[in-house]
Amino acid sequence: MVVTVVMDVMDLMDLMDVTDVMDLMDVTDVMGVMDLMDVTDVMDLMDVTDVMGVMDVTDVIDVMDVMDVIDVTDVMGVYRALSSAARLCPNGMACPDNHFSFSIQSGAANVVAPKICLQNKMVLGTAVRNAGVGINVVILNGKTGELIKTGNFDMYAGDVNPLIELLKSIETGSVVMMASYDEPASKLTDEARKLIAELGSSKVQALGFRDNWVFVGGKGAAMDSGFEKYKKNDRASNKYEDWPEILELKGCIPRFME
């Protein structure tokens, strides 16, 4: 049963404990989302069909609890309460044979984690508990589309060496997808940038403090040069004060052919 109900942040807090809210929203401060994004911002990230998927009560909360506490009235409450990390993947593209559909969403400021989807299934994000601050990486088998590995590398307070080791281990025929969150560049060395550039990135050399970036590349496979977006951190034009706007990228990845 899907409940077409809505609730504001306090309703969520009444129904769920803090860890439940974190599972849905990836926020250290629930009200921080409201400071960064107004209702129209959230509506840009979520459509009604996405919300309906999220509110499947078998996944979130007990039906009777909802009916005891909430009226089925105001749809807008959902938009105020849930971040993009709680929704399902966007509708997949219709891709030609021997292609895989994908979508990538960068992080939003330091509040909403990035999301990477393959064939309309989330492979990296808050809902699958593998996204975090810095550079987020997904590696696929370019022949089969099988998920090989995911990783999150903190480029502000962490160590770049595990990222370098991962990049060096990528095998020929692999597809690599990356998304930034909060701060992706402080610990990013020339060696790491070179290894990412060798996967097809033309923007990684320019990646700076709190810039936003999404990228799809590969090793030994030709990738569309349009599979990359970059937004410089510029307080004069930033959407979220000290961070630029969210970046979204989607398309069809060609299957690797030897």
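The paragraphs below lead through a predicted model, from a four-stranded sheet to its aromatic pairs, then to one helix and one loop residue.

The sheet is open, and its four strands follow the order E3-E2-E1-E9 with antiparallel pairing. At its edges stand strand E3 (121–124) and strand E9 (248–254), each of which has a single partner strand, so one side of each is left without a neighbour in the sheet. From one strand to the next, the twist averages 25°. Strand E1, which covers residues 99–105, pairs with E9 in the antiparallel sense over seven bridges, and within this pairing Ser-101 has Cys-252 of E9 as its bridge partner.

Strand E1 also leads to the aromatic side chains, for which a search of the whole structure finds two pairs. One of them joins Phe-102 and Phe-227 in an edge-to-face arrangement, with 5.1 Å from centre to centre and 80° between the planes. Phe-102 lies in strand E1, whereas Phe-227 belongs to the loop between strand E7 (212–219) and strand E8 (228–231), so the pair ties together parts that are 125 residues apart in sequence. Phe-102 and Phe-227 are both buried. The rings of Trp-213 and Phe-215 have planes at 10° and centres 5.8 Å apart; because planes under 30 degrees apart count as stacked, this pair is stacked. Trp-213 and Phe-215 are, again, both buried.

Helix H8, residues 161–169, shows how burial can be distributed around a helix axis: its buried residues are Leu-163, Ile-164, Leu-166 and Leu-167. Seen down the axis of H8, these residues fall within an arc of 160°, so they line one face of the helix. The general background is that an α-helix has 3.6 residues a turn, so residues three or four places apart point the same way. On the face of H8 turned away from the buried side are the exposed residues Glu-165 and Lys-168. The cover over the buried residues of H8 includes strand E4 (134–141), strand E5 (147–153), strand E6 (174–181) and helix H9 (190–197).

Two of these covering strands, E4 and E5, are linked by the loop in which Glu-146 has its place. Is Glu-146 buried or exposed? Its relative accessible area is 52%, and because exposed means over 50%, Glu-146 is exposed. Leaving aside residues up to four places away in sequence, Glu-146 touches Ile-139, Leu-140 and Asn-141. Between Glu-146 and Ser-174 there are 9.9 Å in space, C-alpha to C-alpha, although the two are 28 residues apart in sequence.

Note on methods:
Residues are numbered from 1 along each chain as its sequence is written. This is a predicted model: local features need pLDDT of at least 70, side-chain atom pairs count only at pLDDT 80 or more; totals for chains, interfaces and linings use all residues. Side-chain values use heavy atoms; hydrogens and water are left out. Buried means under 20% relative accessible area, exposed over 50%, partly exposed in between (1.4 Å probe, protein chains only). Helices (H or I, at least four residues) and strands (E, at least two) are DSSP runs, numbered from the N terminus. The arc is that of the directions from the helix axis to the C-beta atoms. Contact means heavy atoms within 4.5 Å. Two strands pair if DSSP finds at least two bridges between them. Axes are lines fitted to C-alpha atoms, for helices over the stretch in contact, and angles run from 0 to 180 degrees between N-to-C directions. Rings of Phe, Tyr and Trp (its six-membered ring) pair if their centres lie within 6.5 Å; planes under 30 degrees apart count as stacked, over 60 as edge-to-face and the rest as tilted.
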